[in-house]
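Thank you all for coming; I would like to take a few minutes to walk through one chain. Please have a look at the sequence and the model before I go on.

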Amino acid sequence: HVKKLPVFSERILKEHHMDVKELDGIAVSSGPGSYTGLRIGMSFAKGLAYSHDIPLIPVPTLMAINIVKVSEKCHWTGLHSHKDLVFAQQFDGNDVLNDPQCLSYSDLQGLPLTAVGMEEKSYPGEINHVQASSIYIGEIALREFQLLKNEDIDQVTPLYLTEFNLNKK
């Protein structure tokens with residue numbers, strides 16, 4: 001991703017005949033998620049925003065996944081972490097009911113789950129599998145621009161819910 005992200009971004013700007021300095025803001029998934037993915041995405045977005053004096057719009061990953069929910073009732077939105085753990089947050093429609101957490105599947109109490117990355121996983125309740133997409137990040141950034149935009153780029157940090165471990169073998 002560190003090699004492809006700059007090329008991909010440049011291509012999108014060229015296709016739309018735009019320059020970075022013409023952007024009103026730069027949206028980025030702020031987590032939770034993979035340590036490396038968040039670090040690369042956030043670093044790239046912060047570098048662009050800082051170098052062109054553009055606001056950064058950090059979009060919570062689980063909020064972006066929730067945008068494709070099927071249920072208006074109380075449900076979990078999740079992103080597979082590792083083993084039987086999922087980054088999860090409870091919603092009632094669009095209303096956030098708690099902070100993001102890293103939980104085991106059994107902790108989700110069998111409530112309906114809208115999730116990314118759990119196609120091969122066994123979950124004891126109803127599950128709606130969705131694909132991750134930057135489109136969701138963009139939709140939230142546009143809808144919540146004034147609320148989420150941050151001109152103090154140094155204050156924007158990824159949300160890491162688990163410790164980063166290097167296992168030496």
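Let me begin with a question: among contacts in the chain between residues at least 6 apart in sequence, what percentage join residues at least 24 apart? The answer is 56%, and I should say at once that this comes from a predicted model.

As for the overall architecture, the chain holds 5 helices and 8 strands, and, read from the N terminus, these elements follow one another as α-β-α-β-α-β-β-β-β-β-β-α-α. The radius of gyration is 17 Å, close to the 15 Å that the globule rule gives for 169 residues, so the chain is as compact as a globular protein of that length. Taken along the principal axes, the box filled by the C-alpha atoms is roughly 50 × 45 × 30 Å. Of the 169 residues, 37% are buried, while the accessible surface of the chain amounts to about 10400 Å², with 52% of that area belonging to carbon and sulfur atoms.

Turning to the interior, the largest nonpolar core has 11 residues, namely L13, V20, I26, V28, M42, A45, A49, I54, L56, I153 and V156. Two elements, β1 (26-29) and α2 (35-52), each give two or more residues to this core, and the largest share, 3 residues, is that of α2. There is also a second, separate core, which has 10 residues and includes V86, Y105, L113 and Y123.

One member of the largest core, V156, is worth a closer look. If we leave aside the neighbours of V156 within four places in sequence, which residues is V156 in contact with? They are M42, K46, L56, P58 and N150, and of these, M42 and L56 are themselves listed in that core.

Now to the charged side chains, where the count comes to 5 salt bridges; I will take you through some of them. In one, the side chains of E10 and K14 meet with an N to O distance of 3.8 Å. These two residues lie 4 apart in helix α1 (residues 4-15), and are therefore separated by about one helical turn. E10 is partly exposed at a relative accessible area of 47%, whereas K14, at 59%, counts as exposed.

Another salt bridge joins E144 and R143, at 3.4 Å from N to O. Here E144 is partly exposed, with 24% relative accessibility, and R143 is partly exposed too, with 48%.

Then there is the pair K149 and E151, whose closest N and O atoms are 3.6 Å apart. In this pair K149 counts as partly exposed at 29% relative accessibility, while E151, with a relative accessible area of 59%, is exposed.

I will finish with the cysteines. How many disulfides does the count come to? It comes to 0. A disulfide is a covalent bond between the sulfur atoms of two cysteines, and the cut-off for the pair of sulfur atoms is 2.5 Å. The cysteine sulfur closest to that of C74 belongs to C102 and is 19 Å away, which is too far for a bond. Seen from C102, the closest cysteine sulfur is likewise that of C74, at 19 Å. As for their surroundings, C74 is partly exposed, at 28% relative accessibility, and C102 is partly exposed with a relative accessible area of 24%.

How values were computed
Residues are numbered from 1 along each chain as its sequence is written. This is a predicted model: local features need pLDDT of at least 70, side-chain atom pairs count only at pLDDT 80 or more; totals for chains, interfaces and linings use all residues. Side-chain values use heavy atoms; hydrogens and water are left out. A nonpolar core is a set of buried Ala, Val, Leu, Ile, Met, Phe, Trp, Tyr and Cys residues joined through side-chain atoms within 4.5 Å. Buried means under 20% relative accessible area, exposed over 50%, partly exposed in between (1.4 Å probe, protein chains only). Contact means heavy atoms within 4.5 Å. A salt bridge is a side-chain nitrogen of Lys or Arg within 4 Å of a carboxyl oxygen of Asp or Glu. The radius of gyration is taken over C-alpha atoms; the globule rule is 2.2 Å times the number of residues to the power 0.38. Accessible areas come from the Shrake-Rupley method with a 1.4 Å probe; for residues, only the protein chains shown count as cover.
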